[in-house]
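Visitor: Please take a close look at one part of this model, the interface between the two chains. What builds it?

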Amino acid sequence: MVVIWLGGKGLPVWVPVAVIAAYLTFFPVAINTLRGLDSAQPRALELMRSYAASPWETLWKVKLPASLPYVFSALKVAATASVVGAIIGELPSSIQDGLGGAILNFNQYYSIDPAALWATNIVAATLGIAFFLAVVLVEKLVVRAAPEHVA
Amino acid sequence: MSTEAAAAVSLAGVTKIFERGQTHALDEIDLEIAPGELVSLIGPSGCGKSTLLRIIGDLVEPTRGTVLVGGKSAHQARLDRDYGMVFQEAVLYDWRTVAKNIALPLELAGWDRSRRTDRVKEMVELVELAGFEGHHPWQLSGGMQMRVAIARALSFDPKLLLMDEPFGALDEMTRERLNLELLRIWEASRSTVVFVTHSITEAVFLSTRVVVMSPRPGRVAGVVEIDLPHPRTADTREEPRYFELATQLRELLRGRTAEAVH
């Protein structure tokens with residue numbers, strides 16, 4: 001529905017697909033980020049208060065670092081969900097050379113050429129894993145110092 | 001006793017009633033602490049000693065009464081960064097190394113990098129953690145974590161060190177060692193310390209004065225001057241006077257709180 005609605009607005013064809021992918025990933029990440037920002041120990045916040053830290057400094061130096069493990073576990077889930085969202089979003093769109101279009105297309109020729117449909121599945125799975133690993137890599141770089149039990 | 005303006009902490013009629021549940025936590029506390037003293041607040045759990053400490057540190061507002069810290073309001077003293085706080089848990093920031101944990105209050109106070117580095121080095125030596133600057137908190141033992149917390153609290157030279165059962169979660173041996181270290185640090189820095197504890201022997205060993213509190217509502221049941229000579233060493237714990245003072249405290253505690261103290 002979103003695809004058809006946005007498709008009629010004269011936007012580039014990829015926009016509605018991106019909207020679906022974003023829609024699927026936004027809430028898990030947003031909710032986990034909020035939870036993460038709230039995860040700092042009350043004592044840790046009191047300590048910042050005793051240092052006369054401003055709310056901005058408390059956010060930057062305590063709340064944000066404390067939220068990172070939460071943010072990254074949400075991003076890992078979202079990385080794969082975004083691929084699913086993009087493929088599903090492509091199905092009703094007019095994009096023919098995308099992965100979703102290819103799946104739809106090869107599905108019709110499955111009895112003649114089953115390998116083509118399986119190939120698209122493998123490409124889709126690889127793409128999901130690649131996105132996941134990309135997030136893991138960024139996490140390793142950003143949360144270098146996190147103890148094992150948090151990550 | 002010094003004049004009011006010079007008192008490190010001056011409490012008059014401090015009363016705290018928690019709205020929720022109408023808990024009467026503290027009732028008419030009057031207390032003067034002179035600069036350079038190490039005063040312990042002791043009492044059974046629920047006597048409001050931690051609440052009193054937090055009122056002094058402007059983390060909790062008193063319902064009634066006045067709190068002056070070095071002649072200023074507690075609020076102003078907090079804004080002026082006069083407080084170093086240490087809690088029962090070390091509350092170190094896991095994503096920061098030992099050195100960066102100690103440097104955090106200095107960053108907030110706007111010290112430049114080279115000054116911070118010098119200060120951190122000094123503090124690490126003071127608490128005997130040289131060589132561990134690059135470690136992360138979870139790589140340290142409980143006692144070492146507590147020493148980092150003390151170094152962090154002292155790094156910016158606060159006028160008043162507020163400690164809320166800092167050694168309560170540690171084993172007896174580590175605790176006795178850290179007691180000695182705290183005395184050494186206190187003698188070196190000449191800061192004023194308010195120390196909350198539920199250990200009678202710890203209170204006697206560390207303090208210049210012990211304030212005994214009774215529970216619900218928290219009141220001052222008595223103040224005991226600890227006239228053991230300084231510097232105190234491990235042998236202090238074997239002196240007859242040490243046991244006399246411990247007995248005196250125990251009786252004061254028992255007098256008001258028969259069931260709460262065994």
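Guide: Here is the interface, taken mainly from one side.

This is a predicted model, in which local features need pLDDT of at least 70, side-chain atom pairs count only at pLDDT 80 or more, and totals for chains, interfaces and linings use all residues. Residues are numbered from 1 along each chain as its sequence is written, chains are lettered from A and ligands numbered from 1 in the order in which they are written, and side-chain values use heavy atoms, with hydrogens and water left out.

Start with the contacts. 23 residues of chain B meet 20 residues of chain A (contact means heavy atoms within 4.5 Å). The buried area is about 2,200 Å² (accessible area, 1.4 Å probe, that two parts lose on being put together, summed over both). Carbon and sulfur atoms give 60% of that area. In chain B, the most area is lost to chain A by B:Trp95, B:Leu108 and B:Trp138, together 27% of what that side buries.

Now the polar side. Two salt bridges cross the interface (a side-chain nitrogen of Lys or Arg within 4 Å of a carboxyl oxygen of Asp or Glu). One salt bridge joins A:Glu46 to B:Arg54, with the closest N and O atoms 2.2 Å apart.

Next, the elements (DSSP runs, numbered from the N terminus: helices are H or I, at least four residues; strands are E, at least two). On the side of chain B that touches chain A, helix H2 (74-79), strand E6 (83-86) and helix H3 (98-108) each supply at least two residues. H3(B) gives the largest share, four residues.
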